Amino acid sequence: AFRNSYGGPVIMIGRAALTGFGGYPEDSSDGYDHWEFLAKMTLEGVAYDIIPDALVWARPMHGVYRGRNDPHDMIMKAIRPYLDRLPPEQHNGVASAAT
């Protein structure tokens with residue numbers, strides 16, 4: 001199973017790094033956009049730090065992140081950077097393992 005090793009959906013990043021990786025995807029609305037963006041950075045070998053302390057406190061709200069979109073679609077979005085690096089004939093196997 002896949003798990004979030006990148007932390008929560010709040011990240012601090014400089015404009016140059018953000019634009020250097022194409023920014024957030026156009027379809028960013030489900031809370032998984034940070035996974036995809038940080039996966040791209042990881043695959044390109046960019047070093048970054050994860051601060052293990054809570055920097056933002058938020059009250060859970062019904063329908064925010066969880067349950068808002070199809071979980072399969074959200075996972076497929078999170079693994080897009082990895083699929084982009086694989087030959088097309090391997091995409092189905094990886095996608096099946098991820099969902």
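Which residues is Phe37 in contact with, leaving aside its neighbours within four places in sequence? The tour below returns to this point once the surroundings of Phe37 have been set out.

**The whole chain**

Begin with the entire protein chain, which is a predicted model. Its mean pLDDT is 76, and 75% of the residues reach 70 or more. Colouring by secondary structure should show five helices and zero strands, in the order α-α-α-α-α from the N terminus. If the display is then coloured by confidence, helix H4 (residues 80-85) has the highest mean pLDDT among the elements, 89, while helix H3 (residues 71-78) has the lowest, 78. Of the 99 residues, 23% count as buried. The accessible surface comes to about 7,300 Å², and carbon and sulfur atoms account for 55% of that area.

**Helix H2**

Next, select residues 33-43, which form helix H2. This helix is largely enclosed by the rest of the structure, because eight of its 11 residues are buried. The buried positions are Asp33, His34, Trp35, Glu36, Phe37, Leu38, Ala39 and Met41. Display H1, H3 and H4 as well, since the buried residues of H2 pack against these three helices. Just after H2, select Gly45, where phi is positive at about 80°.

**The largest nonpolar core**

Now show side chains for Tyr6, Phe21, Tyr32, Trp35, Phe37, Leu38, Ala39, Met41, Met74 and Ala78; these 10 residues make up the largest nonpolar core. Two elements, H2 and H3, each give two or more residues to this core. H2 supplies the largest share, five residues. In soluble globular proteins, nonpolar side chains tend to be buried together.

**Phe37**

Select Phe37 within this core and display its surroundings. Beyond its neighbours within four places in sequence, Phe37 is in contact with Ile11, Ile13, Ala17, Leu18, Phe21, Gly23 and Tyr24. Of these partners, Phe21 is also listed in the core.

**Tyr6**

Finally, move to Tyr6, in the segment before helix H1 (15-20). Is Tyr6 buried or exposed? Its relative accessible area is 12%, and the cut-off for buried is under 20%, so Tyr6 is buried. With the same sequence neighbours left aside, its contacts are Trp35, Leu38, Ala39, Thr42, Tyr48, Ile50 and Tyr82. A distance drawn between the C-alpha atoms of Tyr6 and Leu38 should read 7.2 Å, although the two are 32 residues apart in sequence. For the chain overall, among contacts between residues at least 6 apart in sequence, 67% join residues at least 24 apart.

Conventions: Residues numbered from 1 in each chain as written. Heavy atoms only, no water. pLDDT = per-residue confidence, 0-100. Helix = DSSP H or I, 4+ residues; strand = E, 2+ residues; numbered from the N terminus. Core = buried A, V, L, I, M, F, W, Y, C linked by side-chain atoms within 4.5 Å. Buried < 20%, exposed > 50% of the residue type's maximum accessible area, 1.4 Å probe, protein only. Contact = heavy atoms within 4.5 Å. Areas by Shrake-Rupley, 256 points an atom, 1.4 Å probe, with all protein chains shown as cover.
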